[in-house]
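Biologist: I would like a close look at a single part of this model, explained for someone in the first year of study. Please take one helix and its surroundings, and then place that part in the wider picture.

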Amino acid sequence: MFDLIGVPPQALFGQLLLGLINGSFYALLSLGLAVIFGLLNIINFAHGAQYMLGAFAAYLLLNNPLYSIGYWPALILAPLIVGGLGMLLERNLISQLNVRSKTRPLIFIASFVAIFLALAASHLSSGAVPDLVSLVGYKLDPAAAYGIAAIGALLFTSFLSATNLLNAPDADQNTDHLYGLLLTFGLAIIIQGLFVNQYGSSGLPYTIPDELRGGQNLGFMFLPIYRGWVIVASLVVCIATWLIIEKTKLGAYLRAATENPTLLSAFGVNVPRLVTFTYGFGVALAGLAGVLAAPIYSVNPNMGADLIIVVFAVVVIGGMGSILGAIVTGFMLGIVEGLTKVFYPEAASVVIFVIMAIVLLIKPAGLFGRTA
Amino acid sequence: MKIRTVFIAGAALLAAATGAAAQTPVKIGVLNDRSSLYADLGGEGSVVAAKLAVEDFKAAEKGLKVDVIAADHQNKSDIAVNTAREWFDQQGVDLIVDTPNSGVALAVSEIVKEKNKVFINSGAASSDLTGAKCTPNTIHWTYDTWQLANGTGSAIVKQGGDKWFFITADYAFGHALERDTAKVVKDAGGTVVGSVKAPLNTQDFSSFLLQAQSSGAKIVGLANAGGDTINSIKQAAEFGIVQGGQNLAGLLIFLTDIHSLGLKTAQGLIFTASFYWDLNDDTRAFADRFQKQTGRKPTMVQAGVYSGVLHYLKAVEALKSAKDGAAVVTQMKATPTDDPLFGKGEVRADGRKIHDSYLFEVKKPEEAKGPWDYYKLLATTPAAKAFRPLSEGGCPLVASAAK
């Protein structure tokens with residue numbers, strides 16, 4: 001029957017399966033975006049960069065001069081690291097968009113400059129100041145210095161605020177989403193630029209762990225075991241996240257925080273902390289997708305930039321903020337894209353956007369979105 | 001005493017005046033991809049290569065005041081054309097070098113002709129640059145699709161790889177490479193059973209690889225470059241293409257691709273290139289200097305930038321002016337080329353620079369003696385046979401020269 005359209009059924013099943021694999025990445029990434037947007041109303045344009053950070057975290061855990069950590073621990077550690085960084089970003093920069101007092105961002109900028117200058121000075125006149133970076137056996141160059149200074153400044157500012165040395169008020173105004181979008185977009189470009197500077201653009205090798213090497217002949221196609229694992233891992237994580245948000249008490253708090261943060265804090269729930277953790281969780285999902293992607297694609301500073309636009313289209317098609325929508329649409333569009341690669345490969349990179357345009361015309365809230 | 005002082009001052013003034021008069025200003029613009037998939041094969045490394053050429057030419061001693069500037073074209077023709085226009089109109093740029101991405105290169109070639117400047121292309125591949133689209137202002141320096149197709153294609157068909165399937169980058173370069181290779185394969189008695197056009201900068205090639213797998217071809221020809229080639233080779237290994245009895249032919253492979261893939265994945269790959277850093281003492285010496293500044297060994301594109309700039313400066317020195325682009329190119333065509341990296345060669349009437357071409361095989365991990373020791377030389381094609389014969393390119397310049 002399928003032969004009517006010029007493609008034998010075997011090939012078609014193979015392509016469907018491949019679509020499902022790509023769909024797993026779309027689903028994982030758009031899930032993180034949907035969680036962040038649905039619950040926090042932040043359009044997180046840094047998601048692609050955070051996905052890339054996940055892959056690089058896995059790479060650096062494996063290839064560092066101190067202690068080499070393999071794929072399986074990295075699967076846990078890298079999302080934790082990336083999620084932690086995300087939380088620092090949310091606390092010190094993104095949430096500050098809704099705060100009138102600019103003390104905290106100013107402290108961040110001041111400590112960033114101070115740390116960077118200290119690093120640069122120690123680099124120029126090694127001997128006078130103890131060379132912090134060469135202590136850990138790592139050659140310092142500007143990109144690394146920027147990175148270290150940024151992370152140091154984030155930690156320092158958070159430390160000040162955690163110990164109540166810095167008395168900054170919580171959210172006291174509502175800024176347009178657009179500012180969050182611009183801020184995270186800017187952050188993404190800076191992070192990617194630093195990584196291109198440091199690691200080049202052609203990517204770094206990361207091999208498939210020995211346990212998942214090889215493949216299985218399914219009769220209609222050769223399925224690498226690693227790809228099968230990606231589908232399973234992604235499905236498990238997606239369903240677990242959906243269950244947590246829709247079926248547990250924590251999830252109920254989260255949803256309540258979106259609906260009415262003031263009332264929820266009146267019940268004694270620390271809403272800003274909840275928001276920070278949720279952002280961290282969404283970012284950790286991106287980090288996890290990055291680790292899963294590392295052995296398939298080369299670990300490449302631009303890997304996120306290439307993907308993020310597609311993932312945003314997925315979120316828009318699924319309905320901004322709809323968790324289920326993000327998951328289902330992610331897998332579905334993976335399949336659609338896979339099929340396009342068979343019938344008309346030239347259109348493979350645009351088909352998702354065509355669908356997005358059609359959905360926006362017919363059902364502007366997205367396939368699974370509630371109409372406001 | 002007083003007279004002596006005046007005399008010295010006058011002599012100094014005279015020397016300064018003649019010095020100033022002899023200083024011919026030359027501005028070189030390195031226009032390439034500095035941030036995306038082709039940034040490692042050219043990028044900042046090409047700027048370093050251009051500056052090394054200026055240094056080695058001892059430009060200042062020969063009365064040339066050379067400036068090197070750079071910009072990122074982001075693989076977009078409109079950005080490249082606008083940058084070129086601004087460089088020519090406002091910055092006084094005389095020469096544009098490098099410019100990978102054949103689509104962008106063809107667009108830049110047009111504007112260079114319009115402004116009568118010089119374009120030395122090292123990074124792009126399309127043989128159209130010296131074929132139907134040749135101009136009196138463009139020189140195609142390092143390699144081209146015809147050379148790659150001929151070198152790799154005929155070698156593989158000779159080994160029995162006569163049924164081909166192409167995975168092609170969907171723009172000018174990929175199309176030209178597929179066309180040129182398919183012709184070589186067919187001329188050698190082989191067949192092409194199919195091809196698929198993948199969008200530029202594709203992350204996932206599994207779908208295309210699956211189509212290649214079910215096509216029954218013996219050889220899967222990768223008519224793509226940079227990040228696309230890396231991803232397709234990596235994923236071909238994952239999908240067991242080679243275990244399944246098919247072989248990969250990387251039609252355009254750069255040193256940085258192999259570095260990124262690692263020898264374990266890339267071993268055994270056969271391909272054609274114009275340059276390798278470990279060919280002889282001269283190339284090794286250059287590679288060491290290059291590596292000190294960039295941390296990497298040079299690719300053939302970066303080596304081509306060095307060699308091209310060197311030859312350009314010789315022509316400008318002879319003419320004592322860089323202003324008339326077509327005149328500089330004519331001078332470059334009239335003098336044979338000779339430099340430490342590509343040896344002796346020449347620039348033909350159609351703008352094609354010719355030199356020896358090499359067939360390499362990627363070493364096995366246990367054969368490599370250290371980092372960047374990746375290639376094993378299989379065969380050398382002499383310059384005269386490595387590139388498309390002058391008469392077959394269809395370049396209008398050749399026809400008018402013959403008349």
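Modeller: What follows starts with one helix of chain B, goes on to the residues around that helix, and ends with the domains and the two chains. The model is predicted.

The part chosen is helix H13 of chain B, which runs over residues 325-334. Which of its residues are buried? They are B:Gly325, B:Val328, B:Val329, B:Met332 and B:Lys333. These residues lie on the same side of H13(B), because they cover an arc of only 140 degrees around the axis. The spacing along a helix helps to explain such a pattern. An α-helix has 3.6 residues a turn, so residues three or four places apart point the same way.

What covers the buried residues of H13(B)? The cover includes the helices H4 and H12 of chain B, together with the strands E4 (118-121), E5 (138-140) and E12 of that chain.

Strand E12 of chain B spans residues 343-347, and B:Val347 belongs to this strand. B:Val347 counts as buried because 26 other C-beta atoms lie within 10 Å, and the cut-off for being buried is 20 or more. Once neighbours within four places in sequence are left aside, B:Val347 is in contact with B:Ile139, B:Met332, B:Lys333, B:Thr337 and B:Lys353. Two of these names have already come up, as B:Met332 and B:Lys333 are among the buried residues of H13(B). B:Val347 also shows how the chain brings distant parts of its sequence together: B:Trp141 is 206 residues away in sequence, yet the C-alpha atoms of the two are 8.3 Å apart in space.

Next come the loops on either side of the helix. The loop between H12 and H13 of chain B holds B:Lys320. Is B:Lys320 buried or exposed? B:Lys320 counts as exposed, because it has 10 C-beta neighbours inside 10 Å and the limit for exposed is 12 or fewer. The backbone of B:Lys320 deserves a remark as well: its phi is near 60 degrees, a positive value in a residue other than glycine. Most residues other than glycine have a negative phi.

The loop between H13 and strand E11 (337-339) of chain B contains B:Thr335. With 13 C-beta neighbours inside 10 Å, B:Thr335 counts as partly exposed. Not counting residues up to four places away in sequence, B:Thr335 touches B:Lys314 and B:Ala315. B:Thr335 and B:Ala315 are 20 residues apart in sequence, and their C-alpha atoms are 8.1 Å apart.

Helix H4, part of the cover of H13(B), leads to another loop. B:Thr99 is found between strand E3 (95-98) and H4 of chain B. Phi of B:Thr99 is near 50 degrees, again a positive value in a residue other than glycine. B:Thr99 is buried, with 33 other C-beta atoms within 10 Å.

Now the wider picture. Chain B is divided into domain 1 (24-143 + 279-355) and domain 2 (147-277 + 357-385). The C-alpha centres of these two domains of chain B lie 26 Å apart. Their contact takes 29 residues from domain 1 of chain B and 23 residues from domain 2 of chain B. On the domain 1 side, helix H4 (102-115), helix H11 (281-294) and helix H12 (300-319) of chain B each supply at least two residues. That side, sorted by class, has 15 nonpolar, ten polar and four charged residues. Helices H4 and H12 of chain B thus appear in two places, since both also belong to the cover of the buried residues of H13(B).

Chain B also touches chain A. How many residues take part? The contact joins 31 residues of chain A with 34 residues of chain B. On the chain A side, helix H1 (9-40), strand E2 (222-224), helix H12 (303-318) and helix H13 (323-343) of chain A each supply at least two residues. The largest share, five residues, comes from H1(A). By class, the chain A side divides into 15 nonpolar, 13 polar and three charged residues.

As for chain A as a whole, it has 14 helices and two strands. Of its 372 residues, 46% count as buried.

Technical notes
Residues are numbered from 1 along each chain as its sequence is written. Chains are lettered from A and ligands numbered from 1 in the order in which they are written. This is a predicted model: local features need pLDDT of at least 70, side-chain atom pairs count only at pLDDT 80 or more; totals for chains, interfaces and linings use all residues. Domain bounds come from an automatic or database domain assignment. Two residues are in contact if their C-beta atoms, placed from the backbone, lie within 7 Å. Helices (H or I, at least four residues) and strands (E, at least two) are DSSP runs, numbered from the N terminus. Ala, Val, Leu, Ile, Met, Phe, Trp, Tyr, Cys and Pro count as nonpolar, Asp, Glu, Lys and Arg as charged, and the others, Gly among them, as polar. The arc is that of the directions from the helix axis to the C-beta atoms.
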